[in-house]
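Q: I'd like to learn how to read a model like this one, feature by feature. Could you put it up and walk me through it?

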Amino acid sequence: MRKIVAGLFWTTLLSVALYAGVSVSPVITEMVLPPGSSYEGRLAITNTGDTPVIIEAQIKGFTAPGGTPLILDPAKDNYPYSGKDLLQITPTQAKLGPNEMTYFEYKVQMPENLDPYGGRYVAVVFKIKPAVSEAQVVTVAQVASLFLLNPGGDVSPHFSIKGIEANQDPNDPRRVIIRSVIANDGNLHINADQVCAMLHILDGDGYIIDQIPLRTHTMLPGTEYTHTTYWLAPEDLPSGTYQIHLSVILFGAINKKTQHYFQQVPTEFKF
Amino acid sequence: MLFSKKVLWLLVLGVLLMTPLMAPAKDKSPVVKVRARIAGTLMLSIESGEEIDFEVDPLNNPEDTAQTELLVITNLPAYSVTALFEEFVIEDFGYDLIKNGKFFIRTKAPGSGEGIADWTVPEEGEMVIVKFEDGFTSGETVLIEYMLKIDFSVPPGVGKMKIVFTAVPEI
């Protein structure tokens, strides 16, 4: 037993390394890049730490299943709209002194043939190369610059409402948790500023009791998002069957048809 | 005179100041349309907890905690932070502390964002640790706490792990 205890005695605590940080600008680039065309630009990178560092640039695909961009491991990247092969960057690493800034040049090339046809999503991730360490846990900071590439032509976001579910909080029945799942099954992302979504709570006869705007997010194609909303039913609302109505409007460019989606589910509330 | 001298000078100055901002990108093809949504600066630093060691034994000190502080500066409206936890394996035994539910994290968003309130075993692959945090900040701290909690089922040895934190804009 003593041996096990001794063996498990892990070495000492917390040594704080030098302050290290990286800044990237711009962090979002959205462009219409028709098949066969290319574009060159640059990203400004600053070492915001107080010691010289080596900053490495890596190109990776990304997706956003829950509304937050998630960088994809290239070895496991099977997202059909990943753009990891469309961007090149030079240099791939640079040594920067404290508060020193440099530019990384990029070239993005949209292939002639896209399969599936649609938007492409790629990130340049800037990481401070960690020093060799004997510590058990080493943490590394990195910042991603995201590219949202639209090939133009026959592209469009398209939504599906996968379901709406309302549950009363067991501890407070007047607190209702409404979960609505929305999927973008089109071939292009939709920007949060192009979407308007609203929940209406209706009584059995279709009269509006309350309305709740949903906070929308940019949604990439092939992803879905669960909106969780909390609704506090009025104190004088009697038990009964009510209706939860979700409506979503996707606005488009001039000459593009505005898309409307809605779904309504009857729900029994016991107060 | 349509403009005063002062106004003309301000216009000239404005054009001069704008020129370097417009210069960096070079359009290779006339059909490429770059939208104006090219913006934002995002900075992530590790303020403390860049290197961590835990001290645990199953009898006298079965758990130990530590933390990392990330400093975020940005002019974006909102941002999130994700983390990639590599394997945390005691090599001699091939025992993974994460897969066996011995290593936990929780996080605290500095503002209105969503952190991870309860101790949680990290997910495999990239996971969101703070989401939809309000931006426009000249410096705020995201706190990540770790807990290693062992018992006699954990073999002796030292495990090593790298954690990669990524700051991403809310798109």
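Q: Let's start with contacts: of those in chain A with a separation of 6 or more, what share comes from residues 24 or more positions apart?
A: Keep in mind that this is a predicted model. In chain A, 72% of the contacts with a separation of 6 or more are between residues at least 24 positions apart.

Q: And how many helices and strands does chain A have?
A: Chain A has 17 strands and one helix. Its radius of gyration is 25 Å, well over the 18 Å that the globule rule gives for 271 residues, so chain A is more spread out than a compact globule. Along the principal axes, its C-alpha trace spans about 70 × 65 × 35 Å. As for burial, 38% of the 271 residues of chain A count as buried.

Q: Into which domains is chain A divided?
A: There are two: domain 1 covers 10-150 and domain 2 covers 159-269. Their C-alpha centres lie 34 Å apart. The contact between them takes 15 residues from domain 1 of chain A and 11 residues from domain 2 of chain A. On the domain 1 side of that contact you'll find nine nonpolar residues, six polar and no charged.

Q: With that many strands, how do I read the pairing?
A: The general idea first: strands of a sheet pair through backbone hydrogen bonds, either parallel or antiparallel. Now try strand β3 of chain A, residues 38-47. Four bridges join β3(A) to strand β1 (residues 20-25) of chain A, and the two run antiparallel. To find the register there, look at A:Val22, whose bridge partner in β3(A) is A:Asn47. β3(A) also pairs with strand β8 (residues 101-109) of chain A, in the antiparallel sense, over nine bridges. For this pairing, use A:Ile45, which stands opposite A:Thr102 in β8(A).

Q: In what order do the strands of the three-stranded open sheet of chain A come?
A: The order is β11-β12-β15 in chain A, with antiparallel pairing. β11 (159-169) and β15 (223-232) of chain A are at the edges with a single partner strand each, so one side of each is left without a neighbour in the sheet. From one strand to the next, the twist averages 15°. Zoom in on β11(A) and β12 (residues 172-184) of chain A, and you'll count 10 bridges joining these antiparallel strands. One pair to click on is A:Glu165 and its bridge partner in β12(A), A:Arg179.

Q: What is the strand order in the four-stranded open sheet of chain A?
A: Here it reads β14-β13-β16-β17 in chain A, and the pairing is antiparallel. The edge strands are β14 (208-213) and β17 (259-269) of chain A, each pairing on one side only. The twist averages 20° from one strand to the next. β14(A) is joined to strand β13 (residues 195-202) of chain A by five bridges, with the two running antiparallel. In that pairing, A:Ile201 has A:Asp210 as its bridge partner in β14(A).

Q: Let's finish with a single residue in chain B: where does B:Glu123 lie?
A: B:Glu123 is in the loop between β10 (116-120) and β11 (126-134) of chain B. For burial, you count neighbours: a residue is buried with 20 or more other C-beta atoms within 10 Å of its own, and exposed with 12 or fewer. B:Glu123 has 13 within 10 Å, so it is partly exposed. You can also set sequence against space: B:Glu123 and B:Glu133 are 10 residues apart in sequence, and 21 Å apart in space from C-alpha to C-alpha.

Terms used: Residues are numbered from 1 along each chain as its sequence is written. Chains are lettered from A and ligands numbered from 1 in the order in which they are written. This is a predicted model: local features need pLDDT of at least 70, side-chain atom pairs count only at pLDDT 80 or more; totals for chains, interfaces and linings use all residues. Two strands pair if DSSP finds at least two bridges between them. Axes are lines fitted to C-alpha atoms, for helices over the stretch in contact, and angles run from 0 to 180 degrees between N-to-C directions. The radius of gyration is taken over C-alpha atoms; the globule rule is 2.2 Å times the number of residues to the power 0.38. Two residues are in contact if their C-beta atoms, placed from the backbone, lie within 7 Å. Domain bounds come from an automatic or database domain assignment. Ala, Val, Leu, Ile, Met, Phe, Trp, Tyr, Cys and Pro count as nonpolar, Asp, Glu, Lys and Arg as charged, and the others, Gly among them, as polar.
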